[in-house]
Amino acid sequence: MTRKVDSGGKLVVVSGPSGVGKSTVDREVIKRTGAVYSVSATTRSPRDGEVDGADYHFVDRAAFEQMIQRGEMLEWAEVFGNFYGTPAEAVQKAVESGKVVLLEIDIQGGLQVHEKMPDATFVLIAPPNEDELARRLKGRDTEDEKSFCRRFGKAKEELKTATESGIYTNVVVNDDLESTIQKVVTIVNG
Ligand code: ADP
Ligand code: 5GP
């Protein structure tokens, strides 16, 4: 699979630290571009309002491990003590049918996709500064104190890994939401 196949389909990988605004941006980009969201599998419990099959495929650890063993994952990683992975078949079918597929995955996953598909488009969403990232993560009100510390603590390390990897050639600082959305729309349509 390449970034642009004959069908016109392509893969766009969006990564960035927890709380930076990836879901908020991606939801709107999808509405404006017709790109499709790759629904990941995860062993994490659903948050209030999350819908199985739409936000994630919520599975237990045994089912997740089976998917890995059957070679069904395009990539997978352990993030904050839970497993997350991208089921390959849905992505493959959508790209082959000419769709732009958006993967919202962590940097470990981004690196694995890059190994397999170096021609995909890689977008890093970065926070304007640390204080604002903390505010957003707290403001979302989905994490307890322990989970907040874990997610916030990992942000710096993730940004460093992403920058040093050199694969994220599109870096968008999510300061003003609307301009971030427009920049990502331009990248997706490009
Ligand atoms: P992620 O998917 O990266 O974990 P979310 O999309 O859940 O992050 O966003 C975390 C919080 O930050 C949400 O409450 C969201 O409304 C808010 N947010 C996202 N982008 C911005 C922005 N540009 N300015 C202010 N708040 C934002
Ligand atoms: P959350 O629990 O906030 O939904 O996601 C936590 C982290 O896991 C985020 O950085 C998110 O991008 C990442 N993530 C979500 N789905 C996948 C996936 O399929 N693969 C990988 N590698 N990371 C994922």
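**Two ligands and their surroundings in a predicted model**

The side chain of E143 reaches the side chain of S147 in a polar contact of 2.6 Å. A second polar contact, at 3.2 Å, joins the side chain of E143 to that of R151. The model in which these contacts appear is a predicted one. E143 itself belongs to the loop between α5 and α6, the latter helix spanning residues 145-165. With a relative accessible area of 19%, E143 falls under the 20% limit and therefore counts as buried. R151, one of the two partners of E143, is a good place to turn to the ligands, for an N or O atom in the side chain of R151 also lies 2.9 Å from an oxygen atom of ligand 2.

Ligand 2 is well wrapped by the protein: on its own it has 510 Å² of accessible area, and the protein covers 96% of that. The elements that give two or more residues to the shell around ligand 2 are the strands β5 (73-79) and β6 (82-87). In total, 16 residues surround ligand 2, and the closest are S40, R44, Y56, E75 and Y84. Sorted by class, this shell holds seven charged, five nonpolar and four polar residues. Besides the R151 pair, two further atom pairs can be picked out around this ligand. A nitrogen atom of ligand 2 is found 2.8 Å from an N or O atom in the side chain of D106. The backbone takes part as well, with an N or O atom of G85 lying 3.2 Å from an oxygen atom of ligand 2. As for the site as a whole, ligand 2 sits in the largest pocket.

The space taken by ligand 1 is likewise the largest pocket, so described for ligand 2 too. Around ligand 1 there are 13 residues, of which G19, K22, S23, T24 and R140 come nearest. Three of these five can be followed down to single atom pairs. An N or O atom in the side chain of S23 is 2.6 Å from an oxygen atom of ligand 1. For T24, too, a side-chain N or O atom is 2.6 Å from an oxygen atom of this ligand. With G19 the backbone is involved instead, one of its N or O atoms lying 2.8 Å from an oxygen atom of ligand 1. Taken alone, ligand 1 exposes 570 Å², and the protein buries 76% of this area.

Two helices, α1 (22-33) and α5 (130-140), each supply at least two residues of the shell around ligand 1. Helix α1 gives the largest share, three residues. By class, the shell around ligand 1 consists of six polar, four charged and three nonpolar residues.

Helix α1 also holds D26. What is the relative accessible area of D26, and is the residue buried or exposed? The value is 1%, so D26 is buried, the limit being 20%. D26 can also be placed relative to V14: the two are twelve residues apart in sequence, and their C-alpha atoms are 8.3 Å apart in space.

The backbone offers two further points of interest, both concerning phi. F80, which is not a glycine, has a positive phi near 50°. This residue is located in the loop between β5 and β6, the two strands that contribute to the shell around ligand 2. F80 has a relative accessibility of 13% and therefore counts as buried, as this is under 20%. D141 is another non-glycine residue with a positive phi, here about 60°. D141 lies in the loop between α5 and α6, where E143 is also placed. At a relative accessibility of 65%, D141 is over the 50% limit and so counts as exposed.

A last loop residue to look at is A54, found between β3 (40-42) and β4 (56-58). Its relative accessibility of 40% lies between the limits of 20% and 50%, so A54 counts as partly exposed. A54 and G81 are 27 residues apart in sequence, and the distance between their C-alpha atoms is 22 Å.

Technical notes: Residues numbered from 1 in each chain as written. Chains lettered and ligands numbered in written order. Predicted model: local features only at pLDDT ≥ 70, side-chain atom pairs only at ≥ 80, totals over all residues. Heavy atoms only, no water. Near = heavy atom within 4 Å. Polar contact = N/O pair within 3.5 Å; in protein donor to acceptor, adjacent residues only side chain to side chain. Areas by Shrake-Rupley, 256 points an atom, 1.4 Å probe, with all protein chains shown as cover. 1 Å grid on protein atoms, 1.4 Å probe; cavity = no way out; pocket = protein on both sides within 12 Å on 5 of 7 lines; lining within 4 Å. Sits in = over half its atoms within 2 Å of the grid points. Helix = DSSP H or I, 4+ residues; strand = E, 2+ residues; numbered from the N terminus. Nonpolar A, V, L, I, M, F, W, Y, C, P; charged D, E, K, R; others polar. Buried < 20%, exposed > 50% of the residue type's maximum accessible area, 1.4 Å probe, protein only.
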